[in-house]
Structures are given as C-alpha cells and as structure tokens.
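Visitor: I am new to this structure. Please show it to me, and then explain how its contact is judged.

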Amino acid sequence: MLADRQPRSFLDTSVLSRLAAVPLMSRRPMQGNVSGRHASPHRGASVEFAEYRKYVPGDDLRRLDWRAYGRSDRFYVKEFEADTNLRCCLVVDTSGSMDFGSTGITKIEYARKIAGSLGYLAVQQGDAVGLTCVANGIVRSVPPKRNAAHLMTVFDVLEQAKPQGETQLVAVLHELAETIRQRALIVIISDFFVEPDLLRGCFQHLRFRKHDISAFQLLDPQELGFTFRRPMRFIDMEGGPAVFAEPNDIADRYQKALQEHLAGMKQVVLESAIDYHKVSIDENYEQVLMRFLVSRTQSKGVR
Amino acid sequence: MSFLQPILLAALPLMALPILIHLINQRRFQTIRWAAMMFLLAANRMSRGYAKLRQWLIMFFRMLAIAGLIFAISRPLASGWLGITAGGRADTTIILLDRSPSMRQQSPGTVASKLETGRQQLVNTLNMLGSSRWVLIESTTNVAHDLESPDALLKLPSCEPASASADLPAMLQAARDYVQANKSGRTEIWICSDIRQNDWNAESGRWQTLRDSFLEFAQGVRFHLLAYPQIASGNTSVRVTEVRRVQTADSAELLVSLKLTREGDTVGRISNPSGTSASNPSSKDGLENRPTEVGKQTIPIHFEIEGARSEVVVEMTAAQFELKDHRIPIERSRERGWGKVSIQADANPADNEFYFVFDQPTLRQTVVVADDPQAARPLQLSAEISPDPNNRGTAEVIGVEQLGTVEWDKTSLLLWQAPLPDADSTKTVQAFVDRGGQVIFFPPKSPGSDEFAGVKWQTWTESPEGIPVETWRGDQDLLAHTQSGAALPVGQLEIRKFCGITGEQTPLASLKGGAPLLARLTSNRGGVYFCATTPALGDSSLATNGVVLYVMVQRALASGAAVLGNTRQLVAGDPSGFAGENPATWQKLAGSNDSLSTDFAFHAGVYNAGDKLFAVNRSLAEDHATVLPDGRVTELFKGLDFARVDDQAGNIAALIQEIWRLFLACMMVALIVEAALCLPKIAPTATTPAGVSA
C-alpha cells in the first residue's frame with residue numbers, strides 16, 4: 001500500500017507489522033455504515049445471536065424462526081448482533097508547546113508516530129480514519145474515511161502539521177463533540193497543558209455524545225524531572241511572557257505543581273472513563289501502542 | 001574592638017562577594033524554550049516563605065564566613081578599651097608611670113602591687129601593640145627617657161616604687177614637650193596611675209593649658225589610662241607628727257607623737273545598708289574614702305632609735321589614732337640621731353614606716369627691729385618666753401641701722417616694727433626669708449612709701465571705740481586652732497588703730513569692714529606676714545590680751561627654727577625642702593635598699609650629709625586616699641582622644657588578648673551551617689514513572 005510512496009518518517013513498517021497482530025478495538029458500540037469488527041448498537045447479520053422478537057407484519061418472512069413457531073405456535077423473528085466498522089478521529093495537538101523535546105524527539109514527532117500508526121492500523125482493519133489538528137482552533141481537519149488513499153491524505157496532513165500557536169484544546173474538543181455526528185473512537189494526542197477541571201467538561205461532553213475517548217498525554221522527561229542547575233530564562237513556546245527562575249529555588253514547587261496537575265488529570269479521566277495514557281516521550285512508542293491496543297482488547301464487547 | 005592589623009579590615013567589602021557572585025550567576029543564565037509554562041507560573045505563584053528565607057540564610061552565612069576570616073586575620077584584641085587603633089602602629093609611645101607610694105597598694109590575696117601589676121600589664125599590652133619608639137616619663141623626675149623596649153619597664157630602677165608623690169600635670173607637660181621637641185608622629189600616651197587627687201591635682205589650671213596644647217598637635221595624640229582606683233581595705237598609715245628630745249636630771253628621753261590613720265575600711269562600708277551609699281551622692285560618684293567608724297583593732301607600733309628597738313601596742317577604735325609624746329628613753333649622751341616608726345604589714349606597705357630625726361632643740365633666736373619701744377617690748381617678751389623650759393628663746397631689739405650685725409644663720413624670726421626696709425635691707429631680709437626664716441611686719445608710726453615684695457603700708461585709721469575682728473582663718477597658719485581644737489581668742493582683740501595694707505597678699509584675719517588685720521605674702525620658703533596693728537597700748541589689745549600675740553610669734557618662731565639646725569624632716573620629691581642640699585652626696589642610714597643614690601630625694605629613709613641628718617618621708621597628702629571621681633577624670637581629658645580601663649592590683653589576666661581563634665571558629669561554623677542549608681533535598685524515590693496508564 002505504501003510501496004509507491006516515499007516512506008513517512010513517522011512510520012516504521014516493522015513496528016506496524018508487529019502491531020497489526022493486535023486489533024484496534026472499540027470499547028463502546030460504534031455506528032458504522034459498513035460491516036466491520038466492532039460491536040454495533042443495532043441488530044444485524046452477524047453470526048452472534050442477539051434475541052427473539054415477536055413477528056410484526058412487514059418483517060421479512062425469511063427471518064422467522066420456524067422451529068420456535070413449531071414449538072410454541074407463535075411467530076418469532078430471530079435477531080443477530082450487527083458488526084460494524086468504527087470511525088477513528090485522531091485529534092493531534094499542534095500547539096507551540098508540542099515542539100518541545102529534550103531527548104532528540106519532539107512531542108509533535110511522537111504524536112505523529114502514534115497517530116500515524118493508529119491510522120494505519122484502523123484503515124488496515126477497515127475502519128475509517130479522520131484527523132483534526134488543534135492549536136488555537138481547528139487547524140486542519142480531515143473527515144473519517146476508510147479507504148487507503150484517504151490514509152495518505154491523513155499522513156500528508158500529519159506530516160505537514162507545524163507546532164505553533166496557543167492551545168485551545170478545550171474549545172476544540174467541545175466543538176468536535178458537537179460536529180462528529182456518529183459514535184466514534186476519538187484519540188486525543190496532546191500534552192494537556194490545560195487545567196484538568198476544564199478538560200472534565202470536554203470529556204463529559206464527548207462521553208455524552210457516546211464517543212469512545214482515548215487520551216495520550218505526552219510529556220518530555222525534562223518536563224517531568226526539571227533537572228536544571230543554572231539559572232534559566234524560560235521562554236514560553238506559545239508566546240506567553242518569559243519566566244526567569246533559579247531552578248534550585250523553584251524545582252520543588254514546580255514538581256508540586258506538576259504532581260497536582262497529574263493527580264487532577266487522573267481524577268478527571270477516572271470520572272470520565274477516559275482511556276488515558278501518560279507517556280514520557282523517551283519511551284518506545286511501539287510499547288506504548290501495544291499496551292494501548294492490548295488494554296482495549298480486554299475491555300471490548302460492551303454493547 | 002581593636003585590631004593589630006586594622007589595615008586588613010579594608011578587605012571587609014569582600015563580604016559582598018557572595019552577593020556579587022550571586023548577581024554574576026544570575027547574569028549567566030541560560031535561555032530555553034519551554035513548554036510546561038503553566039507549572040512554572042504555578043510554582044511562582046506559590047508561597048516562597050521558607051525557600052526565600054533559606055536563600056537569605058545561605059547568603060548571610062557565606063558573608064559571615066568571609067567576615068570571620070577577615071576579622072581573624074586582622075588580629076582582633078579582646079578588649080574594647082583600646083579603641084580602634086586605626087592606622088596601625090604608633091610612631092611614639094610615651095609611658096607615664098605613677099610611682100607614688102599609693103601605687104604600692106596590694107589587693108587582698110595578692111602580692112603584686114598596683115605598680116607591679118601596671119608595669120606587667122603595660123609590658124604585655126605594649127609588646128603586643130608595638131611602636132617605633134618607647135619613652136618613659138616616671139613621676140619623680142618628670143623627665144623623658146627613651147626605652148629600648150617595653151620590657152625595660154620591669155628592669156629599670158626608675159620604675160620601682162618611690163616615696164615621692166606624682167604630679168600628673170607636670171608629667172603630661174613633659175610628654176607634651178617631648179612630642180613638641182621631637183616632632184613625633186602618631187603618639188600614644190599611656191598613663192598608669194591610681195588617680196589619687198593629690199597626684200593628679202585636678203583643680204590645677206595647668207590641665208586646661210595641657211588640653212589645649214595637646215589638641216593643637218596635628219598628628220593626633222591618643223591617651224590610654226590604665227587606672228587602679230581601688231582603695232585598700234583597712235589600710236593603716238603611720239605618721240610621726242612631732243619628735244622632741246628632752247633631758248631630765250639623769251637621763252634623756254625622746255617624746256614621739258604619731259598619728260595612725262585607717263583608710264578604706266570596707267568592713268564599715270559593707271555593714272552599712274546598701275541604700276545609704278546609693279542615696280549619698282558624694283560616695284556614689286566620687287571614690288573619696290572618708291574614715292569610717294570601725295571596730296577595735298590592736299596595733300603594735302615598733303620604734304627603732306638608732307637601731308634600738310622597742311614596741312608599744314595601741315588599740316585603735318576609730319579611723320584615726322593619735323599617740324602623744326610617747327616617751328622612749330635614750331642615752332643621755334645621744335643628742336642627735338634618727339629613728340623609725342613602723343607598724344605591721346597591711347595593704348599598702350609604703351605607709352607603714354615613717355622616719356624621723358632628732359637633735360637638740362635649736363636656739364630660738366628672734367630679732368626685733370622696732371621704732372616704737374611700746375610696741376617692741378611686748379614683741380620681745382612674746383618671743384623670749386619659750387613654751388619649752390629646756391629651750392629658752394632670746395630676742396634682741398635693734399634698730400634698722402644695726403641690721404648688719406645680726407647673725408642671720410642663727411635667727412629664726414624677724415619682727416619688724418619700723419618703716420619697711422630700704423633696698424639694701426630688703427636684700428638682707430629677702431635672703432633670710434629664702435633661707436626659711438619668718439618675718440612679721442608691724443606698721444611704723446609713719447608709714448612711708450617703701451614696699452616689701454610689692455606690699456606696702458597705707459595710712460593709719462583710728463577708731464577709739466575699737467574695731468572688732470570679724471573673720472580669721474582657724475584652719476591653718478599663725479591663727480590656726482590649737483591642737484585640742486580650741487579657737488584662739490582673736491575675736492576678743494580690740495583694735496583701736498590699724499594701718500591699711502596694699503599689694504598682693506592673703507588675709508589671715510580681717511577687721512570689720514574688710515580691712516586685713518593679718519596677711520601673708522606668697523613666698524617660696526619661709527614666711528612673710530603683715531600685721532596691720534602693733535601691740536602698743538594705744539593701738540590694740542594685742543599686748544594686754546597677749547594670747548594671740550604670743551601664739552602668733554611662737555608659731556612663727558617654731559617654723560623659723562625648724563629650718564635651722566642639723567636635722568631636717570623632708571618630704572620626698574618636694575623640691576622646696578631640698579633647697580641648698582645635694583641629695584646625690586647623701587649617705588643612706590636607713591631606708592629601702594632598692595633606691596639609687598641619685599634618687600635618695602625620692603625615697604623614704606634617713607640620710608646624712610656631713611653633720612646633717614635628713615629624714616625623707618612621703619607627703620601628708622599620701623595618707624588621704626582620695627580618688628578622683630570617674631567623671632572628673634573624663635572631664636580632664638575632655639576633647640582629647642581618651643580611653644580608660646580599670647584594672648586591679650594582682651590581676652594576672654591580660655588586659656588585651658588576641659581572639660582571632662574565635663573568629664576562625666565563627667567562620668567554620670558559618671561554613672558548616674551554610675553547607676547544611678545548601679544540601680539538596682532528598683529526591684523523591686518515585687521518579688517519573690514511564691507511561692502510567694490511568
């Protein structure tokens with residue numbers, strides 16, 4: 001599928017091939033328009049028996065269960081679960097803060113890898129993939145589609161995404177909750193440098209729209225450790241005022257603020273039942289994705 | 001706080017080094033583009049109380065460490081009394097050493113006297129401080145001597161105790177002259193003294209002059225007073241007041257009168273409630289020691305007459321004790337000799353001995369120069385009749401023209417009732433006075449224009465009803481009270497005629513209206529008196545009411561006789577007593593072995609020169625331990641650079657000591673505390689878990 005194209009920097013075929021062994025599952029029933037591997041809220045033509053229903057005039061006579069009629073002298077229609085495809089909406093934060101990286105890789109590059117791999121895996125199993133780049137609004141948006149050519153478009157957009165501007169993640173998530181019409185798997189890849197309390201509203205809004213939400217919080221090891229020695233002048237990558245600080249002096253309070261934020265995030269994701277992953281970007285993204293995929297297979301099938 | 005290397009204090013601005021490094025460090029910041037600004041901003045908003053305090057403490061302790069180091073290498077001295085000796089070593093250090101007898105006083109429980117302690121302290125201190133030149137001015141000669149080093153203070157005989165009182169203004173004057181003559185640079189003057197009133201003469205007008213002249217020195221003169229103001233507790237002094245040789249039919253006796261004075265009795269003071277001393281301002285600000293009533297004390301008094309010893313034990317119940325005419329038999333053939341009275345050792349050994357000499361009483365010869373026989377006769381009678389039957393007096397009445405025939409060497413008193421001497425006669429009379437003779441002038445019938453030592457007679461004033469005597473000085477001189485304290489009947493005199501006196505004189509008695517009746521002139525030796533009336537019947541009742549005249553004449557006669565003869569009681573260091581004598585030629589008969597032959601005049605003892613015998617003793621003022629109050633001492637040095645420290649006799653603790661170790665310890669403590677504050681916090685064990693799934 002990618003043979004005639006230039007290899008994308010954020011895709012590794014060997015990783016993809018290994019990840020392809022584990023299906024990308026949805027934790028909630030999806031409303032696809034074609035048959036797929038995901039549970040649907042509707043009855044369909046799968047092999048999995050769902051229920052008996054009383055025959056009403058107009059029902060297809062072919063779906064009458066004659067055996068049941070023979071035993072009970074009543075007309076029942078036999079219904080089966082429907083399997084459908086899912087629509088995977090990848091929301092990638094492309095604000096200025098995503099350009100940070102101290103280990104040779106920036107957060108946006110890491111986000112590209114995760115988004116690209118998930119997009120490929122989804123299309124591979126027949127699901128639709130869309131992409132929304134978020135900075136101080138929706139920068140680029142590609143609606144979910146399930147063909148391979150569309151995947152190229154998604155990759156192109158990913159490749160071209162430039163981290164700049166402020167984060168308006170909260171507003172964008174609310175907007176997406178309103179604009180994505182059908183149930184979808186929404187994967188948010190961001191550093192989530194937003195107040196957790198504000199995120200709670202977004203997540204609950206998305207949940208209300210019956211979306212399955214996954215969140216990857218990308219954090220740089222330096223952001224986690226704050227291991228500076230000399231006095232530093234910190235320039236805001238999103239254009240805010242610069243801060244001058246003596247690391248020895250401020251480190252403990254920085255850590256306190258960071259831990260408070262992480263604890264707040266944890267609280268929010270627990271309350272909102274978000275599939276949340278805190279990722280340090282010096283980790284191997286394959287393992288992160290593998291963990292993500294495996295955890296989802298365990299929680300699939302809820303209809 | 002003072003420093004031996006104050007120049008190094010100039011490095012104190014280095015204390016700002018931590019601040020400077022901090023500021024430089026702040027300048028050397030790195031710039032980084034940072035994503036997680038929300039945490040930084042949140043951290044900045046958080047309370048910085050302890051963190052800020054810690055930073056300040058670290059800064060403070062770093063500065064403290066540097067300050068400690070600088071102070072340590074500046075060699076601080078543990079005594080504030082030196083003041084900051086800015087500028088380092090003194091160019092000239094002048095040591096004024098008070099060698100007066102009171103400096104021999106010891107503190108209870110010690111054997112070192114004030115002088116010894118002071119010398120030792122000076123040696124220690126001055127060796128530490130250093131100077132380019134050392135000069136000693138000791139209290140007997142008041143002459144500046146160069147010293148090789150302060151150590152010489154311990155060896156020089158001229159630093160040993162003497163019996164002569166000190167004269168601080170004269171010593172300072174010598175110091176001032178030295179500074180002026182040698183044009184010395186920065187000068188330090190060290191005074192070691194027990195600040196006794198009689199040594200310091202605080203009322204003297206010389207102090208003002210000295211202050212002004214020291215202030216004129218541009219190079220700066222610094223005064224340090226090492227004071228020993230403590231008064232001895234229960235110190236008793238002995239003083240012989242009179243020695244007479246009397247001859248009986250078959251033997252001879254010496255009548256010795258002496259006085260014991262007990263000073264500074266702390267027992268009496270301690271037994272007083274403490275409130276009394278606080279309520280008594282004189283005892284509070286002044287260290288004046290008044291004799292107080294004390295308990296009974298038995299004192300053995302030892303007499304030594306030409307080596308023969310005897311002892312008498314007396315009981316002293318008050319602060320003063322007087323022994324009158326204690327009879328000591330001597331050989332009949334011994335007509336002259338010397339003796340010593342001593343008491344047991346106490347706080348001050350200098351006043352436990354008193355030397356005396358005795359001789360046959362000298363002939364009390366009086367010359368009466370009179371132009372009025374009526375006046376001359378009472379004068380002659382009062383001079384002739386001696387109070388001592390063994391020592392008859394003679395009085396010769398002569399005219400002015402017979403002056404040349406008088407044997408002045410044997411004459412004690414001149415009574416002059418005639419026109420004041422002319423130029424030639426004045427020379428003769430002045431020479432007589434300078435030798436120690438006494439003259440009393442009475443007014444002539446017709447006062448002329450002649451004058452004697454600037455004083456001359458005016459005109460006669462008559463008052464038939466008699467002019468009473470209004471005031472007279474009963475405390476001293478010719479009209480003083482008797483030994484029993486009774487006043488002379490001067491008030492009973494009737495003055496019918498008197499002659500006015502003009503010129504510079506000190507009235508000893510004044511008539512109603514202010515005219516002087518008896519006046520004394522200022523003289524170096526001897527005594528010159530002017531009596532405004534004569535004993536003539538028409539002039540006054542001096543003759544009829546003869547007590548006053550008799551006492552007056554006999555007292556003058558006694559004073560005049562005292563300087564005659566071959567034995568003399570002298571006050572150590574008093575130049576007027578040694579007139580005409582050369583102490584360097586004396587031979588010592590008794591006294592301290594430490595004294596040099598050239599310094600006999602300043603040491604108590606008995607000396608002879610040819611036929612003459614001299615007993616040298618401390619001055620009377622030495623027995624009265626009046627210490628100058630602190631405020632008064634400060635006043636004397638007002639405006640000058642002056643520092644004072646009070647030390648105690650026998651004190652072995654150094655006045656100053658180097659305390660750089662303390663500062664070094666401070667520095668180390670500061671460094672340790674700083675290091676403790678700088679220790680990083682123990683990092684939390686759970687470090688950034690990789691990818692925690694919610």
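**Where chain B meets chain A**

Guide: Across the interface of chain B and chain A, the rule finds 0 salt bridges. Note that this is a predicted model.

Visitor: What would make a pair of residues across this interface a salt bridge?

Guide: A side-chain nitrogen of Lys or Arg would have to lie within 4 Å of a carboxyl oxygen of Asp or Glu. The count for chain B and chain A is 0.

Visitor: How many residue pairs are in polar contact across the interface?

Guide: There are 8 such pairs, with both residues at pLDDT 80 or more. Here the cut-off is 3.5 Å between N or O atoms.

Visitor: Which elements give two or more residues to chain B's side?

Guide: Helix H1 (17–27), strand E2 (30–34) and helix H2 (37–45) of chain B do. The largest share, 8 residues, comes from H2(B). By kind, the residues of that side divide into 18 nonpolar, 9 polar and 4 charged.

Visitor: How do you know that strand E8 of chain A pairs with E2(B)?

Guide: Pairing requires at least two bridges. Strand E8 (residues 232–236) of chain A is joined to E2(B) by 5 bridges, so the two strands count as paired, and they run parallel. In E2(B), B:Trp34 is the bridge partner of A:Asp236.

Visitor: How much area do the two chains bury between them?

Guide: About 3,600 Å², with 65% of it on carbon and sulfur atoms. In chain B, the residues that lose the most area to chain A are B:Arg33, B:Trp34 and B:Phe39, together 19% of what that side buries.

Notes. Residues numbered from 1 in each chain as written. Chains lettered and ligands numbered in written order. Predicted model: local features only at pLDDT ≥ 70, side-chain atom pairs only at ≥ 80, totals over all residues. Heavy atoms only, no water. Buried area = accessible area lost by both parts, 1.4 Å probe. Polar contact = N/O pair within 3.5 Å; in protein donor to acceptor, adjacent residues only side chain to side chain. Helix = DSSP H or I, 4+ residues; strand = E, 2+ residues; numbered from the N terminus. Nonpolar A, V, L, I, M, F, W, Y, C, P; charged D, E, K, R; others polar.
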